[in-house]
Every structure is written in structure tokens, then in C-alpha cells.
Amino acid sequence: MLIVFGGLPGTGKSTIARLLAGRLKASYVRVDTIEQALRACGTLPNSVVTEGYAVAYRVAEDNLRAGNTVIADSVNPLAVTRDAWLAVASRAEVPSVEVEVVCSDANAHRRRLETRTSDVPGLVLPTWDAVQWRDYEPWNRSRIVLDTASRTPEDAVECLLLALPGDP
């Protein structure tokens, strides 16, 4: 199964995705890590975006074809990126689930964003203003929505495990 996460920075999606991957013993593919590795090579411009997603799609597909459940962690802000993740699952002939992580409390979201530190060496985290102005298209299809405003990451994982279809 491919479990595709999306959501603005600072909502808790990476924390939840990583915890879920541990619980499921799944492969964890994080676009931030891939993009930062590409930047660190010094051969691409600092505005790495499509390259990171392209690499993530291929790594995820390889892991799915090897029989692993894959947790894909990215902002996943556009319909085109969301469609591309579903195409990965289709090519690998596995089911997919989309999960949007939101924080409905703007003050809590801002506080989380402004007090967190990066766990990816060299990754510069976005500011609150950058998150507010980021291009993030509304979702136009069914997905699991996790609101982290009043739940811990561990509680979010438990809710998600109950909502996932079948046996991931």
C-alpha cells in the first residue's frame, strides 16, 4: 500500500508519517530529505522542487514493487503532485490512501512552525509568512483528514490506523 501524506509545513505531517512508518515497518520516503540532498550536491539550483518529487516517486515505486508498504511524506500542495503519487501506486499495482494533515488552530500552527528545528541537516525551514503565502490547492477528492490542533502525534497515528483500509 502507498500512504501519501500532504499538508502545510508545521502541521505535524512528518512526525506522524515517521511514527506511522515505524508502526507499520514501512518504507519512509520524505521529499524534504531528497530535496536537501540534491541541493547539497551543488549541481542544481537552490529552487529544487520538481526534481525532489520525481526522485521520490521512483524510490517509492521501487519499494512498492519490492513488496513494501510506503509512507510518502511531502507538502503535496498541487493536484498534479497528488495525481503523480496515485500514478505511482497504479503502476506498482497497489492500493493507495491519501492523508491530509491540517492544524485548524492558526495560533498553535504558527507556534509549532516558529519553535521547531530541522531534523534534515542543512534544510532551512519556512517562515510563517512563507507558509501563509505558499501555493496550496484545495483537495478535490476523498482523503483522510487529520486535524492535529488538539491531538498528539501518537493519537493521530492511532486514529489513522483505524481509518486505513485493509491491512497495510
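Start with a charged network: in this predicted model, salt bridges link Arg18, Arg30, Asp32, Asp73 and Asp119. A search of the whole structure turns up 12 salt bridges, so there are other pairs to visit, and a few of them are worth a closer look. The background is simple enough: when the charged atoms of oppositely charged side chains come close, those side chains can pair.

Take Arg23 and Glu158, whose side chains meet in a salt bridge with N to O at 2.3 Å. Arg23 belongs to helix 1 (residues 13-24) and Glu158 to helix 7 (residues 153-163), so this pair ties together parts that sit 135 residues apart in sequence. Are these two partners buried, exposed or partly exposed? Arg23 is partly exposed, at a relative accessible area of 48%, and Glu158 is also partly exposed, with 38%.

Next comes Arg91, which makes a salt bridge with Glu61; here the closest N and O atoms are 2.9 Å apart. Arg91 is in helix 4 (residues 79-92) and Glu61 in helix 3 (residues 50-65), so the pair ties together parts 30 residues apart in sequence. The surroundings of the two ends can be read from their accessibility: Arg91 is partly exposed, with a relative accessible area of 41%, whereas Glu61 counts as buried at 9%.

Now for a salt bridge inside a single helix. The side chains of Arg110 and Glu114 meet with N to O at 2.9 Å. Both residues are in helix 5 (residues 106-115), four residues apart, which puts about one helical turn between them. Here the geometry of the helix helps: an α-helix has 3.6 residues a turn, so residues three or four places apart point the same way. Arg110 is partly exposed, with a relative accessible area of 38%.

On to the aromatic side chains. How many aromatic pairs does the structure hold? There are two. In one of them, the ring centres of Tyr53 and Tyr57 are 6.1 Å apart and the planes meet at 55 degrees, so the pair is tilted. These two tyrosines are both in helix 3, four residues apart, or about one turn of the helix. Tyr53 is buried, with a relative accessible area of 8%, and Tyr57 counts as buried too, at 14%.

Tyr57 also pairs with Trp85, this time edge-to-face, at 4.7 Å centre to centre and with 85 degrees between the planes. Tyr57 is part of helix 3 and Trp85 part of helix 4, so the pair ties together parts that are 28 residues apart in sequence. Trp85, like Tyr57, is buried. Put the rings together and you have one aromatic cluster of Tyr53, Tyr57 and Trp85. Elsewhere, a charge meets a ring: Arg82 lies over the face of Tyr136, 5.3 Å from the ring centre.

Finally, have a look at helix 2 (residues 31-41). Which of its residues are buried? They are Val31, Ile34, Glu35, Gln36 and Leu38. The cover over these buried residues includes strand 2 (27-30), helix 3, strand 3 (70-73) and helix 4. Just after helix 2 comes Gly42, which takes a positive phi of about 80 degrees.

Terms used
Residues are numbered from 1 along each chain as its sequence is written. This is a predicted model: local features need pLDDT of at least 70, side-chain atom pairs count only at pLDDT 80 or more; totals for chains, interfaces and linings use all residues. Side-chain values use heavy atoms; hydrogens and water are left out. A salt bridge is a side-chain nitrogen of Lys or Arg within 4 Å of a carboxyl oxygen of Asp or Glu. Buried means under 20% relative accessible area, exposed over 50%, partly exposed in between (1.4 Å probe, protein chains only). Rings of Phe, Tyr and Trp (its six-membered ring) pair if their centres lie within 6.5 Å; planes under 30 degrees apart count as stacked, over 60 as edge-to-face and the rest as tilted. A charge sits over a ring if NZ of Lys or CZ of Arg is within 6 Å of the ring centre and within 35 degrees of the ring normal. Contact means heavy atoms within 4.5 Å.
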